[in-house]
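Got a minute to walk through a structure with me? I'll ask, you reply.

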Amino acid sequence: MSNFIEILAILGLYFGLVLAGELTFELPDNARNCFYELIDKGVKCTLEFQVITGGNYDVDLEINAPSGQVLYKDQKKQYDSFTWTTDQKGEFKFCFSNEFSTFTHKMVYFDFQVGEERPIQPPEGGGHVTALTQLETSAVTIHEALKVIIDYQTHHRLREAQGRGFAEDLNSRVQLWSIGVAIIILIIGVGQVLALRSFFTEKKSHRCEYVTLIAEDKGLLTCYIFSMISNNYLRYDTIS
């Protein structure tokens with residue numbers, strides 16, 4: 001039991017040497033999100049990001065020093081990693097921007113590490129390997145294996161989330177396309193039925209009938225013609 005507690009203590013010391021943070025957040029359209037971190041001078045920092053879902057999977061990133069100096073600036077990047085060493089102490093700012101997009105929001109993941117990981121050194125002196133040194137070696141081995149596992153898990157989670165987002169977007173587009181095709185097929189079917197019915201429908205001939213001579217006045221004959229077109233009687237005069 002005491003050996004297990006020692007291993008946990010060594011791992012805790014090892015983890016405490018590095019300040020790191022991971023975050024996945026939603027970046028709306030026409031939006032700009034900024035994050036701030038207080039960092040000492042002479043510290044090595046690494047910022048890695050990747051766009052998981054949304055549009056063309058790209059965002060703008062800008063990193064500023066406390067003095068306002070632009071350390072990094074790039075536009076429409078899907079993923080990238082930037083490492084620098086601070087030359088001043090203060091509040092550093094890094095901003096993700098989606099202001100170029102008018103209707104699509106993005107899901108962004110980033111990993112921000114401050115400081116370098118220092119391996120646990122064995123005790124100085126040229127003596128034989130003791131039980132404590134073996135525990136330290138085992139702790140370092142376990143930690144390195146856990147780091148690899150965490151990196152693989154993070155990588156596969158990002159790939160899975162990106163693939164799921166692409167599949168859902170593709171599914172919605174296929175559904176809309178299917179609805180449009182179904183409507184077009186329905187309209188074409190109705191049109192074909194109406195056209196086919198018109199081939200078997202008897203067309204009415206347009207003809208006129210002379211009905212009755214109504215009057216004879218001064219050499220003019222007033223007649224009425226029944227028109228099958230207008231379904232009404234038409235009057236005309238003619239010279240007898």
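What follows is a short chat about a sheet, a disulfide, some buried residues and a pocket.

Me: Before we start, what kind of model is this, and what pLDDT do local features need?
Reply: It's a predicted model, where side-chain atom pairs count only at pLDDT 80 or more, totals for chains, interfaces and linings use all residues, and local features need pLDDT of at least 70. Residues are numbered from 1 along each chain as its sequence is written, and side-chain values use heavy atoms, with hydrogens and water left out.

Me: Which strands stand at the edges of the open sheet of four strands?
Reply: Strands here are DSSP runs (E, at least two residues; helices are H or I, at least four), numbered from the N terminus, and two of them pair if DSSP finds at least two bridges between them. The order is β2-β7-β4-β5, with antiparallel pairing. An edge strand has a single partner, so one side of it is left without a neighbour in the sheet, and that fits β2 (32-39) and β5 (70-77).

Me: In β5, what is the bridge partner of I63?
Reply: I63 sits in strand β4, which covers residues 59-64 and runs antiparallel to β5, with five bridges joining the two. One residue pair there is V59 opposite K77. For I63, the partner in β5 is Y72.

Me: And which residue in the turn of the β4 and β5 hairpin has a positive phi?
Reply: The hairpin leaves five residues between β4 and β5. The one in the turn with a positive phi, about 95°, is G68.

Me: Which cysteines form the disulfide?
Reply: A disulfide is a pair of cysteine sulfur atoms within 2.5 Å, and the structure holds one. Its sulfur atoms are 2.0 Å apart, and the pair is C34 and C95.

Me: How many residues apart in sequence are the parts that this pair ties together?
Reply: C34 lies in strand β2, while C95 lies in strand β7 (residues 90-97). The link is right-handed, with 110° about the S-S bond. Since it joins those two strands, the parts tied together are apart in sequence by 61 residues.

Me: Is C34 buried, exposed or partly exposed?
Reply: Buried means under 20% relative accessible area, exposed means over 50%, and partly exposed is in between (1.4 Å probe, protein chains only). C95, at 1%, counts as buried. C34 has 28% relative accessibility, so it counts as partly exposed.

Me: What about I52: buried or exposed, and how far from R164, C-alpha to C-alpha?
Reply: I52 lies in strand β3 (residues 44-53). With a relative accessible area of 5%, I52 is buried. I52 and R164 are 112 residues apart in sequence, and their C-alpha separation in space is 9.6 Å.

Me: Which helix gives the most to the lining of the second largest pocket?
Reply: On a 1 Å grid over the protein atoms alone, a pocket is an open set of points with protein on both sides within 12 Å along at least five of seven lines, and lining residues have an atom within 4 Å of a point. The lining includes T53, Y57, F103, H105, D169 and R173. With four residues, the top contributor is helix α2 (residues 131-199).

Me: How much space lies in that second largest pocket?
Reply: Grid points are joined across faces, edges and corners, and a volume is the space filled by probe spheres set on the points. For the second largest pocket, that comes to about 330 Å³.

Key: On a 1 Å grid over the protein atoms alone, a cavity is a set of points where a 1.4 Å probe fits but cannot get out, and a pocket is an open set with protein on both sides within 12 Å along at least five of seven lines; lining residues have an atom within 4 Å of a point.
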